[in-house]
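This report describes a single protein chain, going from the whole fold to one helix. Look at the sequence and the model before reading on.

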Amino acid sequence: MTVPASAAARGGRRPRVTVFDYGSGNVHSAVKALEAAGADVRLTADRAAVQEADGLYVPGVGAFAAVMAGLTAARGPELIERRLAGGRPVLGVCVGLQVLFERGLEGGEAVPGLGEWPGDVERLDAPVLPHMGWDLVRPAEGSRLFAGVEHERFYFVHSYGVRSWSMPPAARLAAPLVTWGEHGGPFVAAVENGPLAATQFHPEKSGAAGLRLLTNWLETL
């Protein structure tokens, strides 16, 4: 698979992306993947860098509650909300997708999320957990993230997910594009919603397909 450089990188200026360093793991592999896709990347929780970047990448691994605690300690909810209010792109990955929903139901405890989308993060209804390895997804029609990789496999590692989508359409806003995965039943694999996008899988671990998806995201910045 050929992975084109982003338009900004081809034109001479690499898009500036901040990887939000609030204590989550997998950040260095994310930095390397974004650089390979054509971005000028900073790994930091500095508020100015978070706000001024062309794109903000929000990683997340581990328990929902721990990720929310780390984000809150770094003023993540406020910084993310400010970016979205200004129409500035944000990409959440793995638990970085999950915390964008209303609640996480893990370990018998309901933990509030950022509430950008309605819905709960629940344990997947599957005989084998975690859902680990390469798997196909069903991209939404018109998806920009999955352009050119609609039939490729992506790398998942998770036991929890969003198993239904209940966001009613808004009169003057385009409906979010929801991509689905399957493991014991359907779950939300990705969402594209204006400046806010997220994936349950790890693009930085998904080889050429993940690199192409990140390049597609950079094209939107």
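The text below treats the chain as a whole, then helix α4.

**The whole chain**

The model is predicted. Its chain holds 7 helices and 13 strands. The radius of gyration is 16 Å, close to the 17 Å given by the globule rule for 221 residues, so the chain is as compact as a globular protein of that length. Along the principal axes, the C-alpha atoms fill a box of roughly 50 × 40 × 40 Å.

Some further values for the chain are listed here.

| Property | Value |
|---|---|
| Residues that count as buried | 49% of 221 residues |
| Contacts with a separation of 6 or more that join residues 24 or more positions apart | 70% of these contacts |
| Exposed area | about 9800 Å² |
| Part of the exposed area supplied by carbon and sulfur atoms | 51% of the area |

The chain also carries 20 positive and 23 negative charges, and the mean positions of the two sets are 5 Å apart.

**Helix α4**

Which residues of α4 are buried? In this helix, made of residues 64–73, they are F64, V67, M68, G70 and L71. These residues lie on the same side of α4, because they cover an arc of only 160 degrees around the axis. An α-helix has 3.6 residues a turn, so residues three or four places apart point the same way. A66 and A73, on the other side of α4, are exposed. After α4 comes R75, which has a positive phi, near 60 degrees.

Conventions:
Residues numbered from 1 in each chain as written. Predicted model: local features only at pLDDT ≥ 70, side-chain atom pairs only at ≥ 80, totals over all residues. Heavy atoms only, no water. Helix = DSSP H or I, 4+ residues; strand = E, 2+ residues; numbered from the N terminus. Rg over C-alpha atoms; globule rule 2.2 N^0.38 Å. Buried < 20%, exposed > 50% of the residue type's maximum accessible area, 1.4 Å probe, protein only. Contact = heavy atoms within 4.5 Å. Areas by Shrake-Rupley, 256 points an atom, 1.4 Å probe, with all protein chains shown as cover. Lys, Arg positive; Asp, Glu negative; His and termini not counted. Charge placed at Lys NZ, Arg CZ, Asp CG, Glu CD. Arc of directions from axis to C-beta.
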